[in-house]
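Please open the model in your viewer and keep the selection tool at hand, and then follow the stops below in order.

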Amino acid sequence: MAEEDLIQVRREKAASLRELGVHPFGVAQPVRHTISDLLRAVPSVDDLPDEPGIAEDAPVFEIAGRVLAIRRFGKGAFLRMRDRSLEENQLFLSKAALSDRDWQVLGLTDVGDYVLARGPQFRTRRGDRALRASSFTVLTKALRPLPEKWHGLADKELRYRQRYVDLIANEDVRRVFVTRTKAIAFIRRFFDDRGFMEVETPMMHSLVSGATARPFITHHNALDLDLFMRIAPELYLKRLVVGGFERVYELGRNFRNEGLSPRHNPEFTMLEFYWAHATWNDLMELTEEMIVGLVRELGVGNPEDPLKVPCGGDVIDFTPPWPRVSMREAVLARMEGVAEADLDDVEKLRELARGQAGGDPKKEGEIERMGHGELIGFLFEETVESHLHRPTFITGFPVSVSPLARRNDEQPDIADRFELMIAGREVANAFNELGDPDDQRLRFEAQTAAREAGVEETMDYDEDYIRALEHGMPPTAGEGIGIDRLVMLLTDSPSIRDVILFPLMRPAD
RNA sequence: GGGGGCGUAGCUCAAUCUGGCAGAGCAAUGGACUCUUAAUCCAUAGGUUGAAGGUUCGAUUCCUUCCGCCCUCACCA
């Protein structure tokens with residue numbers, strides 16, 4: 001039947017409900033129990049009576065939820081429903097146990113409707129738990145049909161555009177988003193427990209800084225001012241450290257105007273935290289503790305080995321301590337025929353990099369402009385990154401690609417910075433923060449120079465941030481963790497769209 | 001933005017290669033049935049084959065353009 005006709009039939013049922021005095025889109029009424037309560041009240045089905053054995057004074061439960069299936073047979077029916085506890089239960093509706101009106105209401109009930117039922121629990125002849133309804137009504141009429149009961153909603157486009165249907169139809173999708181919510185709650189608790197203060201900084205910025213990415217532009221009418229949606233909260237959070245909030249975190253959305261992919265959504269959730277009187281080594285320990293805690297708390301690992309987590313048909317071992325490897329060491333171990341001395345020879349590195357460019361003229365052009373550290377970084381990305389499976393801290397980032405990170409005291413062209421790689425993906429990025437306002441000024445100037453030389457993604461020079469540093473920031477380490485990517489790992493999701501409730505889609509029409 | 005794939009009933013899928021009346025299951029409608037579990041049985045109805053154009057006696061099928069989605073490369077987290 002055509003969609004309009006299916007809807008028309010249900011509209012007519014809604015009208016019939018009104019005639020029976022049942023508002024098809026009624027006002028809320030108290031609901032005393034959840035389906036979880038039913039299970040908790042009598043944990044074992046064996047302890048329930050059969051239908052004839054239901055006692056006069058048996059406890060009456062009152063549950064409300066969405067109808068998932070109806071099986072009618074003459075003067076009786078079984079109806080499967082799910083409620084806010086996300087548990088499912090059966091109702092048994094018999095003409096004998098219901099008022100005439102409630103029986104008529106059942107005749108006007110479709111899969112997808114929200115219903116309210118009261119009655120005692122019992123055990124069916126097949127040994128299942130069910131509620132025998134002594135009263136039954138429709139709370140909300142669904143005008144549209146749900147997807148097919150066996151296959152559910154499979155079309156990815158419909159699943160992302162109509163997530164409400166996806167959530168009704170697909171259990172694994174519900175599970176992913178429950179896990180996401182639990183992960184975020186865990187992270188907040190983790191930082192709160194350690195004396196970190198959650199703060200909210202502006203999402204509309206007048207400068208583009210804190211990361212290198214192209215921004216979204218928006219406009220404030222009253223001030224006639226173009227603003228950028230933030231690409232990172234970093235510089236505001238460090239201003240707060242200057243202000244004396246020595247442990248701060250922000251868990252929120254960033255916006256980057258770049259391509260979409262299974263690992264990139266234009267708006268994504270990031271955790272950033274700053275910890276005064278700590279170093280990047282402390283951050284590695286804290287990160288390890290937090291993610292191991294998450295994996296344990298959420299129970300996403302194998303039952304017999306909770307730190308081995310299935311991911312993309314493979315298994316990731318989260319058992320600490322995680323390896324800490326410099327990009328130099330990683331490249332040396334990975335690339336055959338490369339000697340340690342070669343890594344100090346810029347021209348030799350450039351030659352190796354050309355060999356990895358695969359004839360791509362754009363890459364080759366970039367290679368010619370790269371310095372020593374950037375060349376090692378390039379070789380790392382080309383040869384090592386995708387092979388890093390278990391959680392690994394990568395260090396040895398050049399200062400030139402780390403404009404907000406403190407220099408290493410022994411190796412001034414290397415930043416005290418690490419990235420955490422898991423399953424070939426970057427999950428976290430952290431460093432000792434640069435507190436020297438004069439050095440920070442030089443870094444901003446280098447960014448400005450790079451922009452003038454044609455580099456598209458550079459940071460704006462933030463004069464007020466320098467001013468803040470001139471007031472003195474305590475020695476601080478800071479980190480950003482991509483929450484969506486972390487949730488992808490925890491839920492074995494191949495695409496970022498599977499862990500974002502409403503991923504960006506082109507308008508359908 | 002480049003390359004590849006996909007789009008058929010409300011949903012899940014056939015038919016497309018090799019052009020010849022567009023089909024099934026679920027859902028829906030009418031009927032039978034007081035223990036179903038993807039209930040069963042009988043009957044009925046449901047289509048702008050993503051859109052537009054072209055080739056052809058004839059197009060879901062072949063060609064072109066456009067729209068949307070997926071994968072991939074590039075940029076990035």
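**Around the RNA strand**

By class, the surface near RNA strand B in this predicted model is made up of 25 charged, 18 nonpolar and ten polar residues. Select RNA strand B together with the protein residues around it: 53 residues surround the strand, and the closest are Arg126, Lys149, Glu157, His264 and Arg485. If you now look at the RNA atoms within 4 Å of the protein, you will find that 57% of them belong to sugar or phosphate, while the rest belong to bases.

Next, pick out three individual contacts with RNA strand B. Arginine 71 places a polar side-chain atom 2.4 Å from a phosphate oxygen of the strand, and glutamate 457 has a polar side-chain atom 2.9 Å from a sugar or linking oxygen. At arginine 506, a backbone N or O atom lies 2.9 Å from a phosphate oxygen of RNA strand B. Then colour the elements that give two or more residues to this surface, which are α1 (3–19), β1 (60–73), β2 (76–82), β3 (88–94), α4 (156–161) and α11 (361–369); α4 gives the most, with five residues.

**A three-stranded sheet**

Now move to an open sheet of three strands, whose order is β8-β10-β9 and whose pairing is antiparallel. The strands β8 (204–205) and β9 (217–220) stand at the edges with a single partner strand each, so one side of each is left without a neighbour in the sheet. Finally, select β9 and β10 (residues 225–229), which pair in the antiparallel sense over four bridges, and find threonine 218, which stands opposite leucine 227 in β10.

Technical notes. Residues numbered from 1 in each chain as written. Chains lettered and ligands numbered in written order. Predicted model: local features only at pLDDT ≥ 70, side-chain atom pairs only at ≥ 80, totals over all residues. Heavy atoms only, no water. Near = heavy atom within 4 Å. Polar contact = N/O pair within 3.5 Å; in protein donor to acceptor, adjacent residues only side chain to side chain. Nonpolar A, V, L, I, M, F, W, Y, C, P; charged D, E, K, R; others polar. Pairing = 2+ DSSP bridges.
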